[in-house]
Amino acid sequence: AGRLQYNFDRSLNTSSWLGATYVNENQGNRNFELYGADAFVSLGDRGQLLAEYAHSDNDFELSGPISGSAYRVELEGDLSDWLSGRAYWRSTDSGFSNSATTSFVPGQTRYGAQANIDLGPDTTLKAQFDHEDNNGVAPRPLTTLTDLISPGSSPIAGRQVDNSLTTYSLGLAQRIGNDTDLEFDWIHRDRTDRLSPDTLSASSDQLRSRITHRLTDRLTFKAQNDLTLSSDSDPLYPSRTLFGLDWEFIPGLSVGVNQIFYGGGRNGRDSLTTIDFTGEQQLGPDTTIRGRFSSIDGQRLGGAIGLEQGFNLGPGLRLDLGYEHAFNSVNGRTTAASDIFSQPFAVGTGGSGVSTSDADTYTVGLSYTDNPDLQANARFEHRTSSQGTNTVFEANTIGRLSPAMSALFTYQYADTANQNLRNLGATSNLKLGLAYRDPNEDKVNALVRYEHRINPGSIPTNATFGSSIDTAEHLFSTEAIYTPNWQWEIYGKYAFRNSSTTISRPADVGGEFTSSNNLHLAQLRATYRFDYHWDVTGEVRWMGGLGDYSETGYSLEAGYYPTPDLRMYAGYSGGVAQDPDFGINRSAGGFYMGVAAKINSLFGGFGLQDLAPTQHQESQLPDQPIDITTPETNLPPIEALDESVNDVENPGLLDGIDASELDLTDEVL
């Protein structure tokens, strides 16, 4: 992948650039290529232009080559003091794919324009045109094992979509005083659905009137009427009348209550009440509430509400609690993305068809950061939903056992929950590590690690085969670098892994099956620098333990340093693999060369960071209160210190003191 961008102007409000991007992936039986160009041009302080183009190519052995392009052009700005406008055009082929974003709908083209004319300081005339074409295939649910192992980066084709919508609107907005806004809009919609012409096709006209009045600083009243003028009504926008109140009961948190009456034409007459809650509020330095939800006639529709509360239990010791409730009771359908459905997973643009599920999430976090030699934190999260429950737990500790020895502990555990798959095994990972480095004599650096994994690479076969497949691994490794002087560097590593697999099956088909194996890895490398420009390195590696199978590799290379941070090297590497069980021995070898460099030296400090500040000390409470009103009698006043330091001719307080008598400990410094 690569990105190239040329900046014509880097100013804050008038930036302009031209860029190009390229991505290529080779996954064996699947190849993917994506490239594009984009430009952003500032038209002074009155407008801007954005243009993008992208093209993708997918080549999958089961579906063959699929390609498509996507375009976007947007122009907006002020043509004069009284006229502003916006125009856009977006188009995406149904074969276009880009799994890095979901901001587009495959097979959709949209274009339109909008103009605002200021007739006066409080009066605005608005005109708008929009057209939308949807012609493609919406993603279908993925529920089978075949779908699971071969979706790749593109969703699997499902329901066909073929419709278009053209919308014209002309409106007038009038502000009355400082608290009232009045709007009138004429809207014409021409909707055509070529797959369901009898139910979703219509040509309609509506008159929309809306008034918004601020009763108080936090309470707003609104009323709106959408009156269908034509004999035919739009199936998605019937005639309706709305009365509502928006109340910001706490800064940042608001609730809206609306009463809606709708019907006419092909829609039956009815009414409904909606309640909307949105916002986020910091109730205190450690308390945050946030939420969003909508309700129709007392029935839950969808949203989430959460509360976060923190407690400072002591110096550096903090407890964090959290709760969130998410809910969704209706799956629907959109004209652009078709059905919204429950599915076990989604890939690429298939995320447009995923529905959400009801869930309650509880979190507890505990952290300790007050001791510079010990940092620890733990977090527990439990989620219950209509699709199952899952628990996630994580704990981390890092500490300094001595000036030369540090220790690390990490534990992660996770249950699984899915919309459609069941009986997925839990995953856990335990890590213990020790690191040695003497800060006074940097000759030996050593690392020791132990790791225990359960189901590190689980696949949801349980749902398809009806049997539980569990794996476990124990991993131990140690490595060290020894540098007795600037010429010699010796590196060694040894690792051992024990793996086991258990398949739980019914007794009538063989019962439980267990298999285990051991694997060893050893490595030794030595480098000798016979001057500041040349070195020679030899290395040997061995791996074995899977029965009588083993592999051995070796290399010998010479390196040359044109500069201290640039190394050019060439060498020869070889190896042999022996497998007596199958009677196959193979070997390979050849010459190689390469270049290694420090990036910060090539690009002027790239990646360098400032030195870490002095570590804080652990908080301590004094046994006796300190009297800060009475200064120590044996200390000179601050003015005397300033004069003695600034007066070079008269050293003052430091006169006659032998430097060898100064206690230059870390605490003094």
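Me: Buried means under 20% relative accessible area, exposed over 50%, and partly exposed in between (1.4 Å probe, protein chains only). What percentage of the residues in the protein chain is buried?

Reply: This is a predicted model, in which local features need pLDDT of at least 70, side-chain atom pairs count only at pLDDT 80 or more, and totals for chains, interfaces and linings use all residues. Residues are numbered from 1 along each chain as its sequence is written, and side-chain values use heavy atoms, with hydrogens and water left out. Of the 669 residues in the protein chain, the buried share is 27%.

Me: How many strands does the protein chain have?

Reply: Helices (H or I, at least four residues) and strands (E, at least two) are DSSP runs, numbered from the N terminus. By that assignment the protein chain has 5 helices, and its strands number 33.

Me: What share of the accessible area of the protein chain comes from carbon and sulfur atoms?

Reply: Accessible areas come from the Shrake-Rupley method with a 1.4 Å probe; for residues, only the protein chains shown count as cover. The protein chain exposes about 41400 Å², and the part supplied by carbon and sulfur is 56%.

Me: Which residue of the largest nonpolar core touches H55, S56 and P106?

Reply: A nonpolar core is a set of buried Ala, Val, Leu, Ile, Met, Phe, Trp, Tyr and Cys residues joined through side-chain atoms within 4.5 Å. The largest one has 6 residues: F32, L34, A54, A70, F96 and F104. With contact meaning heavy atoms within 4.5 Å, and residues up to four places away in sequence not counted, L34, A54, H55, S56, A70, F104 and P106 are among those touched by F96.

Me: How many aromatic pairs are there, and how is the pair W17 and F40 classed?

Reply: Rings of Phe, Tyr and Trp (its six-membered ring) pair if their centres lie within 6.5 Å; planes under 30 degrees apart count as stacked, over 60 as edge-to-face and the rest as tilted. The count is 16 aromatic pairs. For W17 and F40 the ring centres are 5.0 Å apart and the planes stand at 20°, so the pair is stacked.

Me: Which strands do W17 and F40 join?

Reply: W17 is partly exposed at 24% relative accessible area, while F40 is buried at 13%. The pair ties together parts 23 residues apart in sequence, because W17 lies in strand β2 and F40 in strand β3.

Me: How is the ring pair of Y572 and F591 classed?

Reply: The ring centres of Y572 and F591 are 5.0 Å apart with planes at 65°, so the pair is edge-to-face.  Y572 lies in strand β32 and F591 in strand β33. Y572 is partly exposed at 33% and F591 is exposed at 74%; their ring pair is edge-to-face.

Me: What accessible area does the nonpolar surface patch containing Y572 and F591 have?

Reply: Patches are made of residues with over 30% relative accessible area and no salt bridge, like charges being joined within 9 Å and nonpolar side chains (Val, Leu, Ile, Met, Phe, Trp, Tyr) within 5 Å. Other members include Y436, W488 and V444, the last in strand β26 and partly exposed at 31%. Together the patch residues have about 950 Å².

Me: Which residue forms salt bridges with both R449 and R453?

Reply: A salt bridge is a side-chain nitrogen of Lys or Arg within 4 Å of a carboxyl oxygen of Asp or Glu. The structure holds 29 of them. R449 meets its partner at 3.5 Å and R453 at 3.0 Å. Buried at 3% relative accessibility, that shared partner is E451.
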